[in-house]
Amino acid sequence: MGLVESVQSVLWARRRQPDDVVYGVALGHERFGPDELLKQAVAAEEAGFDIVCCSDHLAPWWTEELAPNNSGNAWVWLGAASQVTNEPSIGPAVTGVIHRYNPVVLAQQIATLEILAPGRAFLGVGSSEAMNEVPAGLDPSDYPSIGEQIERMEESVTIIRRLLDGETVTFDGKYFKTHSAKLYSLPERRPPIYMSAFGPQAAEVAGRLADGVWTLADPRQAPAVIAGYRRSAEEAGREPGEIILQGMFSWAEDDDTALDSSKEWKGTLPDQHYTDPIYDPAEIQKNGQEVSDTTWKTMGAISSNPSSHLRMVKMIREMGATAVVMMNTSGADPEAAIRMYGEHVLPELRD
């Protein structure tokens, strides 16, 4: 992937960017209990967020000595969230599709969510991490390579799309098989599928199969992902869909608290946590603690000053996003952080 193509793809994304970029908040099942996250979802709608999504984790990025850890079921929670919110789009960001979830079951789940929340459900899919897949039975000694993870993801999404299109699916894949699978409760609208991608390989699959690409708002990586997605969609004769860029934020009454109450999330930064069979939260936490506070602060909006958050979201938007999603890592007062966005950030973005 050359520099010129990456720059051109960002410029292309800006040109096709809608006038009304949408803004979302991602809520973390790893950190907060599901009942508390429902309160955050209600606060997010009241604040004016267009999207309310959640992580889908079996394990947290830290041990309980560092911070509270949780593992609420994302899909049970999404059903509840569909009933306490009325307007925002809702879905997982993202659900792993390589092992822990059978694609037939995932199709059944997202179809049900769309029936409960007509016009609002979406399915975010990705290759997950060993911390979620190994405890569910994936052999750590034979953990799939990135290439195999992408192959598994492609098979799974192919099955899900066909089921959501109303087909009766018999599929004999390398990793997944179905026998006359059918969804008997189909929503009127097929929920869109957005595929997570950290590199061009996954982005190219998203271009062929998905309704959009979901990637981290990292200016070093996102341009190549956007380029791969655009090229693949065009080669497949498809109109490119959404470009969803995700950042993270932590707010508190003072800068030190904003930083200290979010540092457990440092485990999300080391690349090996997404590629290698590392599944012990203690090891993940140890690797994360090697990330300096300075590096952590550069990766998101971690500040008591609303202007810092506004600048970060604007910077992400300038990368060509059609949707900007910010992960709430505010451990001190997560609902107050959401309200701050409603009072000081979202109105400025839409002005």
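**Entry 1: a β-α-β unit.** I began with strand E2, helix H3 (residues 74-84) and strand E3, and I noted that they make a right-handed β-α-β unit. I record here that the model is a predicted one.

I then looked up how the two strands are joined. E2 covers residues 51-54 and E3 covers residues 89-92. The strands run parallel, and four bridges join them. For one residue of the pairing I sought the partner: Cys53 has Gly91 in E3 as its bridge partner.

**Entry 2: helices H1 and H8.** I turned next to helix H1 (residues 3-15) and helix H8 (residues 222-235). Their axes lie 8 Å apart, and the helices pack at an angle of about 75 degrees. H1 is therefore roughly perpendicular to H8, because angles of 65 to 115 degrees count as such.

I listed the residues that meet. From H1 they are Glu5, Ser6, Gln8, Ser9, Val10, Trp12 and Ala13; from H8 they are Pro223, Ala224, Ile226, Ala227, Arg230, Arg231 and Glu234. By character, the residues of this contact of H1 with H8 comprise seven nonpolar, three polar and four charged.

**Entry 3: Lys266.** Is Lys266 buried or exposed? I first located Lys266 in the loop between helix H9 (255-260) and helix H10 (272-275). Its relative accessible area is 8%, so I entered Lys266 as buried, the cut-off being under 20%.

I then looked up what surrounds this residue. Leaving aside residues up to four places away in sequence, Lys266 touches Gly288, Val291, Ser292, Asp293 and Trp296.

How values were computed
Residues numbered from 1 in each chain as written. Predicted model: local features only at pLDDT ≥ 70, side-chain atom pairs only at ≥ 80, totals over all residues. Heavy atoms only, no water. Pairing = 2+ DSSP bridges. Right-handed = clockwise from strand over helix to strand, strands pointing away. Axes fitted to C-alpha atoms, helices over the stretch in contact; angles between N-to-C directions. Parallel < 35°, antiparallel > 145°, perpendicular 65-115°, else oblique. Contact = heavy atoms within 4.5 Å. Nonpolar A, V, L, I, M, F, W, Y, C, P; charged D, E, K, R; others polar. Buried < 20%, exposed > 50% of the residue type's maximum accessible area, 1.4 Å probe, protein only.
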